[in-house]
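Trainee: I have a new model open in front of me. Please show me how to read it, feature by feature.

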Amino acid sequence: MNIHTKAVHSGDRKRAGTHVPVTTPIHTATSYFYESMEQLDRVFGDAEKGYCYARYDNPSAAALEELMCALESGDAALACASGMAALHTAILSALTDRRRSIVAANAMYGTTVGLLMNVFEPSGVSVRFADVCDLASLRAVVAEAQPGCIVMESISNPLLRVAEIDSVAAIANQAGAALVVDNTFATPLLARPLELGAHFSVHSVTKYLAGHGDVLGGVVVTLRQHADSLRALGRTIGGVLGPFECYLTMRGIKTFPLRMERQCANACHVASWLAAHPRVERVYFTGDPRHPDQATIRRLFPPNLYGAMVSFEIRDAGREEVFRFMDALRMIVRATSLGDVHTMMLYPVMSSHRELSPKHRQRMGIRDNLVRLSVGIEAPEDILADLEQALALG
Ligand SMILES: *Cc1c(COP(=O)(O)O)cnc(C)c1O
């Protein structure tokens, strides 16, 4: 089935006694009642299908998890309280029975770098960074570090590099490592990492999947071989998604492929307009024919869908000029996050990559004049008009 169809139908219409609701209700019960202790015992022991306690599983979460398995071609999923909770749980699951060593992409979401360096490393997991877009250097780092797990993003944040997920998966498999891909930016419309050989695909559903700026959540999708460890970790750590957020996320996902197509088309307009603007020094966009990973993008992503993030550097600007430009925006929302129906702009130095030292940011190529635009579903001429007047004023 096409992803547009799966997004609308998967996970819903489970029989609840005498009736079948067309969409999945918000199941708020924390525990479940059975007629006999014998039956409850069977449910606890997994000998009979059923729910017993909301931290273990819940019908609202199960519906979302089934939907995410359909979208990502996975066998099992876990809905988590946030994207970070999902990444934490996925990496723990990936490292189960594997060497306590991680090789991570050197261009990633700032808090993910924080998770690796401030949570995993102090707990005795060695962490090495590598350029996943340079397969030769990645192979060398993997040979040396012997990782149990490789972590990367399908489109990196905020400079929008795209590595060959299938080739990285082959390197991981050869080394006996599990590959965890944060697929938040590409979404399953552009890339399905499990089909390309990855072991875990992780999302912050806060972004494109829920898409309306009203849910914080995450999800891990994986293969059968990791299903038990993922579920057990979810139960033990307990960072699971609440039923109301599961409902909002499913509601959002029904229109996610439509929204994403529009957002990708709008981003193409905005990126080429910005590239021709005299105040713009440089544009980073996955649809740019001169993008360094253009061959990979054409090979891995569907035609005409390049993603909906556009980063750009303002000529001769520092923090003060960037602030003035962003303060001049009238429609575009100045806020952290991305993927929402409204166009948003953030300043990575101040937000997503704030926790990193200036030297670390400089090494990652994140300059003080860089802003990141998440293009929404508005009419493209209104987005351009707002950028135009703010660039003129700021
Ligand atoms: C937002 C984001 C996260 C973290 O997700 P939360 O839902 O905020 O916890 C992780 N990775 C990427 C690429 C993100 O954009």
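Mentor: We will go through the ligand site, some helices, the backbone and a few single residues. Keep in mind that this is a predicted model.

Trainee: Let us start with the ligand. Which residues come nearest to the ligand?

Mentor: Begin with the list of neighbours. There are 13 residues around the ligand, and G83, D182, S204, T206 and K207 come nearest. Then sort the shell by class. It holds 5 nonpolar, 6 polar and 2 charged residues.

Trainee: Which N or O atoms lie 2.9 Å from an oxygen atom of the ligand?

Mentor: Look for pairs of N or O atoms within 3.5 Å. The backbone of M84 has an N or O atom 2.9 Å from a ligand oxygen. G83 also has a polar backbone atom 2.9 Å from an oxygen of the ligand. S204 uses its side chain: an N or O atom there is 2.8 Å from a ligand oxygen.

Trainee: How much of the ligand does the protein bury?

Mentor: Compare the ligand alone with the ligand in place. Alone, the ligand exposes 380 Å², and the protein buries 92% of that.

Trainee: G83 starts a helix, α4. How do I read a helix?

Mentor: Check the span, then the cover. Helix α4 covers residues 83–95, 13 residues in total. From first C-alpha to last, α4 reaches 18 Å, close to the 18 Å expected at 1.5 Å a residue.

Trainee: How many of the residues of α4 are buried?

Mentor: A residue is buried when its relative accessible area is under 20%. In α4, 10 of the 13 residues are buried, so by that cut-off the helix is mostly covered. The buried residues are G83, A85, A86, L87, T89, A90, I91, S93, A94 and L95.

Trainee: Is there a general rule for which way helix residues point?

Mentor: Yes. An α-helix has 3.6 residues a turn, so residues three or four places apart point the same way. Try that on another helix. In α10, residues 243–253, the buried residues are C246, L248, T249, M250, G252 and I253.

Trainee: What covers the buried residues of α10?

Mentor: The cover includes three helices: α1 (3–9), α3 (59–72) and α11 (256–275).

Trainee: Now the backbone. What should catch my eye?

Mentor: Look for departures from the usual pattern. Most residues other than glycine have a negative phi, and most peptide bonds are trans. Here, D97 takes a positive phi of about 60 degrees, just after α4. Q146 has a positive phi near 45 degrees. T187 has one near 65 degrees.

Trainee: Where do Q146 and T187 lie?

Mentor: Q146 is in the loop between α6 (135–145) and β4. T187 belongs to helix α8, residues 187–190.

Trainee: Are they buried or exposed?

Mentor: Q146 counts as partly exposed because its relative accessibility is 38%. T187 is buried, because its relative accessible area is 1%.

Trainee: Which peptide bond is cis?

Mentor: The one from N157 to P158, where omega is near 0 degrees. P158 sits in the loop between β4 (149–153) and α7 (165–174).

Trainee: How do I find residues that are far apart in sequence but meet in space?

Mentor: Compare sequence separation with C-alpha distance. A177 and Q146 are 31 residues apart along the chain, and their C-alpha atoms are separated by 8.0 Å. A177 is found in the loop between α7 and β5 (178–182). At 2% relative accessibility, A177 counts as buried. Leaving out residues up to four places away in sequence, A177 touches R98, P147, G148, C149, I150, A172 and H199.

Trainee: Where does A379 lie, and how far is A379 from N266?

Mentor: A379 is in the loop between β12 (370–374) and α15 (380–393). A379 and N266 are 113 residues apart in sequence, yet 7.9 Å apart from C-alpha to C-alpha. A379 counts as partly exposed, at 25% relative accessibility.

Trainee: Which contacts do H360 and F44 make?

Mentor: Again, set aside residues up to four places away in sequence. H360, in helix α14 (residues 358–364), touches V113 and M117. H360 counts as buried, at 15% relative accessibility. F44, in helix α2 (residues 37–44), touches C52 and Y56. F44 counts as partly exposed, at 49%.

Note on methods. Residues are numbered from 1 along each chain as its sequence is written. This is a predicted model: local features need pLDDT of at least 70, side-chain atom pairs count only at pLDDT 80 or more; totals for chains, interfaces and linings use all residues. Side-chain values use heavy atoms; hydrogens and water are left out. A residue is near a molecule or strand if one of its heavy atoms lies within 4 Å of it. A polar contact is a pair of N or O atoms within 3.5 Å; within protein, one must be able to donate a hydrogen and the other to accept it, and residues adjacent in sequence count only if both atoms are side-chain atoms. Accessible areas come from the Shrake-Rupley method with a 1.4 Å probe; for residues, only the protein chains shown count as cover. Ala, Val, Leu, Ile, Met, Phe, Trp, Tyr, Cys and Pro count as nonpolar, Asp, Glu, Lys and Arg as charged, and the others, Gly among them, as polar. Helices (H or I, at least four residues) and strands (E, at least two) are DSSP runs, numbered from the N terminus. Buried means under 20% relative accessible area, exposed over 50%, partly exposed in between (1.4 Å probe, protein chains only). The expected span of a helix is 1.5 Å times one less than its number of residues. Contact means heavy atoms within 4.5 Å.
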